[in-house]
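Here's a quick briefing to read with the structure open beside you. Take it one topic at a time and find each spot as you go.

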Amino acid sequence: MTAVPDRAQPRPDAPLTQALAADLDAADFRSEPLRSLWGEEADDALGRGLREPVLRALHARDDELATLGRLWVLGMPQPQDAVERALPKAGVAGVVALGLARVEGAIVHPQALIRPQSFVDADGVGEWWIASDLDEAALGAALPADHVLGVGGASRTLAELIIPVPVERALDLGTGCGIQALLVSRHAARVVATDISARALAFAELNAQLNGVHDIEFRLGSLFEPVAGETFDLIVSNPPFVITPRATDVPEYEYRDGGLVGDALVEEFLRHAPAHLAPGGIAQLLGNWESRADASGLDRVRSWVGDDLDAWVIQREELTPLGYAELWIRDGGTLPRDAEFTSLLSAWLDDFAERGVTAVGFGYILLRRPVTGAAVLRRFETVSQPVSNLGRALGAGLAAHDALATGIPDRLVVAPDVTEARHHMPGEDDPSVIELRQGGGFGRTIGVDSALAGFVGACDGELTVGQIVAALADLFDVPLAALWADIEPRIRQLVLDGLLLPAAE
């Protein structure tokens, strides 16, 4: 690939961004109109990195939406007169001043991508315009080290992870293009957004202005340095957690590489975040962690979290060192056919071998500072099945943990998404396997015995827990105390997992 051309630094300017926003709005520069413009199949292909179907659909179009789509969705130069028509308020001079374009002759060259990003939260459906650096397809070159990423899969995952509750003060650590800060601002009175990259902060501030969000403060610095001595009700982070060899000729990308060895960045975050959590405050982040010959990844994460904190860590997947290395080498734009691929792969595998790494896990981390005297939640688990409404599921899990602090609720009901499956061997009346299946949330499948199945089946909110267990003790002809000792922790787990809910008063 060719060398990256000189890039402008984004220069946020509120009046100019307001004018640009008015132009984008007037052109209906939003997800659905763009998808309709070039068709669903072409739009899906664009999501896979294929631009040609979109270009074919736009071949004969010279209207404002088509011009802006080519300029800022695809990152393609456009005639200056066409861009002037599409931007009557901001004008070409305005977007040049913002660092979003440059002019050569009569051609406007994009200096950034601007793409609509839809979202859904407790307050409804909305959409923002998100500016970020040109991607590889637009650059025709490998990404530079200070590349500012737009909204990707990890950003969307973290957005789904955040528990949607109102807070007073929130921190987005490692804000990148600012998407998490924008999302959090929907339910936080004040947001502080930090990043080690001045370029990223410039994009984030420009995006806040472009979308009319005014309650975000932007600060430059590494990890928690910019907020020393401050506490927050919510901390969110999609940190640069990718494990990268600290070796010569291995590219380091600011958006994904934290500059530390192995998974030390995630460890640093977990060791320092508690000091910045207000009582009841929550920190949520994505991360990678290494399993080594002497300890699993989840056990290593457990050792980084103080025993006085609530901790819920969910490992979604594990990759071998080889699979992990190949994933991130490809992410940087180097393919097996490229000459440098083998040397990069060797650097990654050597780095893992030096620490005895056997696998690399990816997942979600939630920390909470309990209020004084509250019981502590410690949950470290692997969940490989699909999870729906993850933020709400996590919030419900925390609420269930808090409710159990004073004992199992007196009356319980079965959650509406729970079903029971019974499996029989041919010719047998009694089931050999009984399973409770959760339709939403974590989608858990839990094996139960006849006693617990009978208990769950009787939870309609009418009888108390004590009455149900006493009836089961009579039915199975077992001592009540023995049955309660066996079934009580399993009932608690079903409440914690959301399969049983406290009955309405």
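**Two residues with an unusual backbone angle**

Leu223 has a relative accessible area of 23%, so it counts as partly exposed. Keep in mind that this is a predicted model. Leu223 sits in the loop that links β8 (216-220) to β9 (232-237), and its phi is positive, at about 45°, even though it isn't a glycine. What makes that worth a look? Most residues other than glycine have a negative phi.

- Asp28 is another non-glycine residue with a positive phi, this time about 60°.
- You'll find Asp28 in a loop too, the one between α1 (14-26) and α2 (31-38).
- Is Asp28 buried, exposed or partly exposed? Its relative accessible area is 38%, which makes Asp28 partly exposed, because that label covers everything between the 20% and 50% cut-offs.

**The whole chain**

- If you count up the secondary structure, you get 19 helices and 18 strands.
- The chain has 505 residues, and 50% of them are buried.
- Measure up a box along the principal axes, and the C-alpha atoms fill roughly 90 × 55 × 50 Å.

**The second largest pocket**

- How do you spot a pocket in the first place? Rolling a probe the size of a water molecule over the atoms shows where empty space is left.
- The second largest pocket has a volume of about 670 Å³.
- Its lining takes in 27 residues. To find the middle of this pocket, look for Val120, Asp121, Arg156, Ala159 and Glu160, which lie nearest its centre.
- Which elements each supply at least two residues of the lining? They are the strand β4 (113-121) and the helices α9 (153-161), α10 (179-185) and α16 (390-404).
- What kinds of residues line this pocket? The lining has 14 nonpolar residues, along with eight polar and five charged ones.

**A nonpolar patch on the surface**

- Leu475, Phe476 and Val478 make up a nonpolar patch on the surface.
- Together, these three residues have about 270 Å² of accessible area.
- Phe476 belongs to helix α18, which covers residues 465-476.
- Why does Phe476 count as partly exposed? Its relative accessibility is 36%, and partly exposed means a value between 20% and 50%.

Notes:
Residues are numbered from 1 along each chain as its sequence is written. This is a predicted model: local features need pLDDT of at least 70, side-chain atom pairs count only at pLDDT 80 or more; totals for chains, interfaces and linings use all residues. Side-chain values use heavy atoms; hydrogens and water are left out. On a 1 Å grid over the protein atoms alone, a cavity is a set of points where a 1.4 Å probe fits but cannot get out, and a pocket is an open set with protein on both sides within 12 Å along at least five of seven lines; lining residues have an atom within 4 Å of a point. Grid points are joined across faces, edges and corners, and a volume is the space filled by probe spheres set on the points. Helices (H or I, at least four residues) and strands (E, at least two) are DSSP runs, numbered from the N terminus. Ala, Val, Leu, Ile, Met, Phe, Trp, Tyr, Cys and Pro count as nonpolar, Asp, Glu, Lys and Arg as charged, and the others, Gly among them, as polar. Patches are made of residues with over 30% relative accessible area and no salt bridge: like charges are joined within 9 Å, nonpolar side chains (Val, Leu, Ile, Met, Phe, Trp, Tyr) within 5 Å. Accessible areas come from the Shrake-Rupley method with a 1.4 Å probe; for residues, only the protein chains shown count as cover. A salt bridge is a side-chain nitrogen of Lys or Arg within 4 Å of a carboxyl oxygen of Asp or Glu. Buried means under 20% relative accessible area, exposed over 50%, partly exposed in between (1.4 Å probe, protein chains only).
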